[in-house]
Amino acid sequence: MSEKHATLTIEGQNYQLPLIKGSEGDKAVDIRSLLKETGYITLDSGYMNTGSCSSAITFLDGQKGILNYRGYAIEELAERCSFVEVAYLLLIGELPTREELNNFRSLMAEHALIHEDMIHFFDHFPPNAPPMSILSTMVNSLCNYYPELNSNSDEALLSIGARLLSKIRTIAAFSYKKSVGHPLIYPRYDLSYCGNFVNMMFDKPVKPYVVLPEVVATLNKLLILHADHEQNCSTSTVRLVGSAGVNLYASISAGISALWGPLHGGANSAVVEMLEGIHRDNNDFGKYIKKAKDPNDPFRLSGFGHRVYKTFDPRAKIIKRACEQTLKALNVDDPLLEIAEKLEEIARNDEYFIKRNLYPNVDFYSGIIYRAMGIPTNMFTVMFAMGRLPGWISHWQEMMQDTKDRKIGRPRQIYTGPVKRDFVPIHERV
Ligand code: CMC
């Protein structure tokens, strides 16, 4: 085997497959010529070993617990940036200067409203409609009101990014207001991205909401930590749907649907429901641990485990700390925090979880923070979607710009159905 190739022997014949290395040392065998040369495909359900693209956006090392956006460590970004700054970084590839950031912020403020006709859409969802279904429907509908991205320039990308980021926030807050039957609160020019969101959620004509800096700082941190995570299920969905040539809004709407699942972003609300269950069961941790370990029970410990991280999720570390600090700052005494910490301790000392490298992930502590802010459980995954949006847009754009390797996403399969047989006319069938 040469250094730059792997040799694959099939039916006595050798094939040379190029080896590829990423800038941070990721290694891959390039199998793009495999089918043509050998007649074989690769089979990899769940894409456990499959790289679907090359990407310059996010690097993560699941063994070491490293996560970098555009080369910057997540710990530093979460500590020192605003969400809007990180969104700019993901979209454009560089941190903005003060002037660039101000321009991006102004653009967001300009685009913060949604067409008044769209507000009537909210009236036609049933009262208990899940906010994630409302969000994905509304985002898909945006293409009827706002033009698509029709240029590859940074300017066009910032414009569509600003539009989507600010409108998704408005849609999220409006969907909450509609669900509780309160008048809508419109975005304000003088408030920051996160300040505007909490104000639109909680301000009332009868009781003005005071935007607390602690809430804004924590929300910024949470959204930054969710902003991208390379080829996860929803981002891969955005890329796959977009690869068929459909518009950005439809691609993002599909990504929102993927995120909704309890194995993905839906885990943040599932965690809180699980912790509430433990609380109701008088802290019977053993019952939940036993169920999670039972191979015949579909129950899993929500907020635990990850496809890529085989150590502590670096985002979970930061969120756990932020959770303790925020509850203290807001003077909130939530019994679920203590239950979560105890559950973590039990699981991390249990052979089952140790053997399988199951650690708390990004969703384990985030819900407890949202609760402390007054955000209802059914909105948690909407919060995740708001955070993940810059990542989805950046990946969609990166794919669209890749004119060399861009192809419609179209996996293969191994057919296992009946072999070719003769058609039986209906009167002869028994
Ligand atoms: N509780 C109990 N057992 C688990 C858990 C869990 N949370 N996660 C994995 N396992 C077991 C699983 O049963 C399997 O055991 P065995 O080898 O005996 O069959 C082993 O660990 C490997 O699990 P897997 O399902 O093959 O791993 P995966 O990489 O396909 O799944 C996962 C990753 C995140 C879907 C899974 O860990 C899980 O279901 N976690 C709970 C849901 C959750 O928290 N999702 C959020 C993920 S992070 C944020 C995001 O992506 O949105």
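The following conversation takes up a predicted model and asks why certain of its residues and contacts are described as they are.

Biologist: Why is Ser243 called buried or exposed, and where does Ser243 lie?

Modeller: Ser243 lies in helix α10, which covers residues 233–243. Its relative accessible area is 13%, and since buried means under 20%, Ser243 is therefore buried.

Biologist: Which residues does Ser243 touch, and what does its side chain reach?

Modeller: Leaving out residues up to four places away in sequence, Ser243 touches Met399, Lys407, Ile408 and Gly409. Its side chain reaches the backbone nitrogen of Gly409 at 2.8 Å, and because a polar contact requires a pair of N or O atoms within 3.5 Å, that distance satisfies the cut-off.

Biologist: What makes Glu344 buried, and which helix holds Glu344?

Modeller: The helix is α15, residues 335–348, and the relative accessible area of Glu344 is 4%. The limit for buried is under 20%, so Glu344 is called buried.

Biologist: How do you know that the side chains of Glu344 and Lys320 are joined by a polar contact?

Modeller: The distance in that contact is 3.1 Å, and because the cut-off asks for N or O atoms within 3.5 Å, the pair qualifies as a polar contact. Lys320 also appears among the residues that Glu344 touches, together with Phe304, Phe312, Pro360, Phe364 and Tyr365, when residues up to four places away in sequence are not counted.

Biologist: Why is helix α6 described as mostly covered?

Modeller: Helix α6 spans residues 131–141, and nine of its 11 residues are buried, so the helix is described as mostly covered, with buried taken as under 20% relative accessible area. The buried residues are Pro131, Met132, Ser133, Ile134, Leu135, Ser136, Met138, Val139 and Ser141. The elements that cover them include α5 (116–119), α7 (154–180), α11 (248–259) and α18 (380–401).

Biologist: Pro130 is in the loop between α5 and α6; what makes Pro130 count as buried, exposed or partly exposed?

Modeller: The relative accessibility of Pro130 is 36%. Buried would need a value under 20% and exposed a value over 50%, so Pro130 falls in between and counts as partly exposed. Pro130 and Leu77 are 53 residues apart in sequence, and their C-alpha atoms are 32 Å apart in space.

Biologist: What makes the phi of Tyr47 worth a remark, and is Tyr47 buried or exposed?

Modeller: Most residues other than glycine have a negative phi. Tyr47, which is not a glycine, has a positive phi near 50 degrees, and its place is in the loop between α1 (34–38) and β4 (58–61). Its relative accessible area is 54%, and because exposed means over 50%, Tyr47 is called exposed.

Biologist: What is the phi of Glu230, and why is Glu230 assigned to its accessibility class?

Modeller: Glu230 also is not a glycine and has a positive phi, of about 40 degrees; the residue lies in the loop between α9 (213–226) and α10. Its relative accessible area is 23%, which is neither under 20% nor over 50%, and Glu230 is therefore partly exposed.

Biologist: Why does His306 count as partly exposed, and what does its side chain reach?

Modeller: His306 is in the loop between α13 (285–293) and α14 (314–329). Its relative accessibility is 23%, a value between the limits of 20% and 50%, so His306 counts as partly exposed. The side chain of His306 reaches the backbone nitrogen of Val308 at 2.9 Å, while the backbone nitrogen of Tyr309 lies 3.2 Å from a polar atom of that side chain. Apart from neighbours within four places in sequence, His306 is in contact with His229, Asp313 and Arg315.

Biologist: How do you know that Tyr352 makes a polar contact with the ligand?

Modeller: A polar side-chain atom of Tyr352 lies 2.9 Å from a nitrogen atom of the ligand, and because the cut-off is within 3.5 Å, the pair counts as a polar contact. For Arg356, an N or O atom of the side chain is 2.9 Å from an oxygen atom of the ligand, and for Asn361 a side-chain N or O atom is likewise 2.9 Å from a ligand oxygen atom. The protein covers 74% of the 920 Å² of accessible area that the ligand has on its own.

Terms used. Residues are numbered from 1 along each chain as its sequence is written. This is a predicted model: local features need pLDDT of at least 70, side-chain atom pairs count only at pLDDT 80 or more; totals for chains, interfaces and linings use all residues. Side-chain values use heavy atoms; hydrogens and water are left out. A polar contact is a pair of N or O atoms within 3.5 Å; within protein, one must be able to donate a hydrogen and the other to accept it, and residues adjacent in sequence count only if both atoms are side-chain atoms. Accessible areas come from the Shrake-Rupley method with a 1.4 Å probe; for residues, only the protein chains shown count as cover. Helices (H or I, at least four residues) and strands (E, at least two) are DSSP runs, numbered from the N terminus. Buried means under 20% relative accessible area, exposed over 50%, partly exposed in between (1.4 Å probe, protein chains only). Contact means heavy atoms within 4.5 Å.
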